[in-house]
Amino acid sequence: MNYNATLSLLLGLTLAFTAGCDKDDREETPEPLPEPTVTYSRSIVYQDNGQHRDTTFQAPQLKGSVTQNAQSLSVSVEPITRTEGIGFALDRTKLAAALTGTYTLKTLRDQTLNVDVRYYYEQSESLGGGTILYFSNMQHVTGSFTISSYDAKRQLLSGTYTATLTGSSDPTVAYGTFPKRKCDITVTGTFANVPLKQVE
């Protein structure tokens, strides 16, 4: 009888210990992070005849990044081939405490707004190569940048963007071409669950 009681007691303690260990292991296993996703569409509309050059990149062709330091928070989206891309830089002092909100884009006429914009277009070697850069402090820009959610615990940022660069020089012709046709370049897209990284 004592033997059976001792065996039952040992078995009960072993099961309790094992269950406790399993519970501890479950608590220590971090929840997997959601897969980051970004979208990116670009339209070039020529002012002289309304001709369009539109491209929508598929999600696997794209990458997004979010970085911040004491002065700014930056978001960029571009094809992995780096043929073109767009970046947004927000002054930390103009950001809401929770980061979420809709922010206005700086433009040639008004540099007091919230977000610096930089768009680039990489020319093919057949056009002479090189990168054409467009900055909001030298360009008429309209649009907005929205941070729809920020997961502070997991440091994940999500949102949307749209930027139209009005009266731009055509980026699809050789750099030395003159005069260049004027066009409006519009870039729109989304970013979701992109990890926010601290930089110096």
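**Strand β11 and its partners**

Let me begin with a parallel pairing in this predicted model, in which strand β3, residues 62-68, lies alongside β11 over three bridges in the parallel sense, and within that pairing Thr-67 has Lys-197 of β11 as its bridge partner.

Strand β11, which covers residues 182-198, also pairs with strand β1, residues 37-46, but here the sense is antiparallel and the pairing runs over ten bridges; one bridge to look for on the screen joins Thr-39 to Thr-190 of β11. Strand β10, residues 156-169, pairs with β11 in the antiparallel sense as well, over eleven bridges, and there you can find Gly-159 bridged to Phe-191 of β11.

Stepping back to the whole protein chain, we have one helix and eleven strands, and, reading from the N terminus, the helix is followed by the strands. Of the 200 residues in the chain, 32% are buried, while the accessible surface comes to about 11900 Å², with 56% of that surface belonging to carbon and sulfur atoms. If we take the contacts between residues at least 6 apart in sequence, 59% of them join residues at least 24 apart.

Finally, please turn to the surface, where Leu-133, Phe-135 and Met-138 make a nonpolar patch of about 300 Å². Met-138 sits in the loop between β8, residues 131-135, and β9, residues 140-151. Is Met-138 buried or exposed? Met-138 counts as exposed because its relative accessibility is 62%, and the cut-off for that term is over 50%.

Note on methods. Residues are numbered from 1 along each chain as its sequence is written. This is a predicted model: local features need pLDDT of at least 70, side-chain atom pairs count only at pLDDT 80 or more; totals for chains, interfaces and linings use all residues. Side-chain values use heavy atoms; hydrogens and water are left out. Patches are made of residues with over 30% relative accessible area and no salt bridge: like charges are joined within 9 Å, nonpolar side chains (Val, Leu, Ile, Met, Phe, Trp, Tyr) within 5 Å. Accessible areas come from the Shrake-Rupley method with a 1.4 Å probe; for residues, only the protein chains shown count as cover. A salt bridge is a side-chain nitrogen of Lys or Arg within 4 Å of a carboxyl oxygen of Asp or Glu. Helices (H or I, at least four residues) and strands (E, at least two) are DSSP runs, numbered from the N terminus. Buried means under 20% relative accessible area, exposed over 50%, partly exposed in between (1.4 Å probe, protein chains only). Two strands pair if DSSP finds at least two bridges between them. Contact means heavy atoms within 4.5 Å.
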